[in-house]
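Subject: Structure for you to look at

Dear colleague,

I am handing over the structure that we spoke about, and I would be glad if you would open it beside this message while you read.

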Amino acid sequence: MDGLLVTHLPNIRYLTGFTGSAALLLVRTDATILITDFRYAVQAPAEAGQAAEVEVDQKSVWDRLGRVLGATPLAGLGIESHSLTVRDAERVAGLTRSRVVPRSELVERLRAVKVPEEVAAIREAAALAQEALAEVLPTVRAGQTELEVGAALESALRRRGSEWHPFPTIVASGPRSALPHARTSTRTIGRGEWLLLDFGSQVDGYCADLTRMAVVGGRADQRQRAMHELVQTAQRRALENLRAGMTGREGDALAREVIAARGFGEAFGHSLGHGLGLEVHEAPRLAPTAEAVLPAHAVVTVEPGVYLPGWGGVRLEDDVYLSPDGPERLSDGRTELVELV
Ligand code: ZN
Ligand code: ZN
């Protein structure tokens, strides 16, 4: 392979700085060429001009790619098999006589290892998210809908400078908190009910991802308290002991063992965490099936949860930088049980 066609937009942004929604990036041993269209004629050279030769095609980026590939034949052209559609892979094969080599996660592996500027952006995104939460949470009352709370939180995030919501904000109340990926709904929040808030923010393209729990309009009951304490204990064990050099499975086990020991292993049905960066879900993974080693300088979430259908669920999520000297929390770790009385 003496060339790689990069088509996954976060990878293009990572390699060149280009933030637009349409581009092909050809990385050769002798040149880096960004092909985009008319809409980005001004933006692309401004953002990516330092890193790549920018070619703007008025008609078709694919036709232009064909001409570029024809001008400098390659022995082997890599394509990003995890993101290119079958149709576009066929299109690439039709544009070149080079051998087309499907490759997976090459740029993603680079992205998993953060430089200080990237870590700083995630830390800033987390700080902004925490400030938004601190503004909105005390105003939440029984009788509001999940969507009303979500709107207030998203507004607070944007006012503080979050570029966008990296994923749909999850506001789940009462029994709906047992849905790990609940859609924020028109449900009215009742007294003494769980409120689960899973939300993100984005600074310089880099994402933070937090989950916090509250009980609305009353004190927590004994069961709510016990479940919260269990998840908090599991999360703290992982936050304190997670290390670069562990496998993703070993990292996951730090929290999972605590929950399983109390008999709730089956109620923790998702993985412990995921990498954070230009995408809200990226490498590396913390999961029972993740045999890959966690690299130093990765940023991951730690988010154990326990979900009891019909009753509710608890998840607590913080963001951690795996420095060579140990884990460094980028979010505040304030996972105490909030009672909005
Ligand atoms: Zn989350
Ligand atoms: Zn997450």
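What follows goes through the aromatic rings, one strand and its neighbour, the pockets and one residue of a helix.

Please keep in mind that this is a predicted model, in which local features need pLDDT of at least 70 and side-chain atom pairs count only at pLDDT 80 or more, while totals for chains, interfaces and linings use all residues. Residues are numbered from 1 along each chain as its sequence is written, chains are lettered from A and ligands numbered from 1 in the order in which they are written, and side-chain values use heavy atoms, with hydrogens and water left out.

Aromatic rings

Rings of Phe, Tyr and Trp (its six-membered ring) are taken as a pair if their centres lie within 6.5 Å, and planes under 30 degrees apart count as stacked, over 60 as edge-to-face and the rest as tilted. By this rule there are two aromatic pairs. Phe-18 and Tyr-40 are edge-to-face, because their ring centres are 5.2 Å apart and their planes stand at 90°. This pair links distant parts of the chain, since Phe-18 is in the loop between helix 1 (9–16) and strand 2 (24–28), whereas Tyr-40, 22 residues apart from Phe-18, is in the loop between strand 3 (32–37) and helix 2 (43–48); helices (H or I, at least four residues) and strands (E, at least two) are DSSP runs, numbered from the N terminus. Both Phe-18 and Tyr-40 are buried, where buried means under 20% relative accessible area, exposed over 50%, and partly exposed in between (1.4 Å probe, protein chains only).

Trp-194 and Trp-311 also form an edge-to-face pair, with 6.3 Å from centre to centre and 90° between the planes. Here Trp-194 belongs to strand 8 (residues 193–203), and Trp-311 lies 117 residues apart from it, in the loop between strand 13 (305–308) and strand 14 (312–315). Trp-194 has 2% relative accessibility and therefore counts as buried.

Arg-223 lies over the face of Trp-311, at 4.8 Å from the ring centre, and the charged end of Arg-256 sits over the ring of Phe-268, 4.0 Å from its centre. The rule for such a contact is that NZ of Lys or CZ of Arg is within 6 Å of the ring centre and within 35 degrees of the ring normal.

Strand 7 and strand 8

Strand 7 (residues 170–173) is covered on both faces, with Ile-170 and Ala-172 buried on one side and Val-171 and Ser-173 buried on the other. Strand 7 pairs with strand 8 in the antiparallel sense over four bridges, where two strands pair if DSSP finds at least two bridges between them. In strand 8, Leu-195 is the bridge partner of Ser-173.

Pockets

Which residues lie nearest the centre of the largest pocket? They are Phe-167, Ile-170, His-181, Asp-198 and His-281, from a lining of 28 residues. On a 1 Å grid over the protein atoms alone, a cavity is a set of points where a 1.4 Å probe fits but cannot get out, a pocket is an open set with protein on both sides within 12 Å along at least five of seven lines, and lining residues have an atom within 4 Å of a point. Helix 7 gives the largest share of this lining, four residues.

A helix residue

Thr-233 lies in helix 8 (residues 222–241) and, with a relative accessible area of 38%, is partly exposed.

With best wishes
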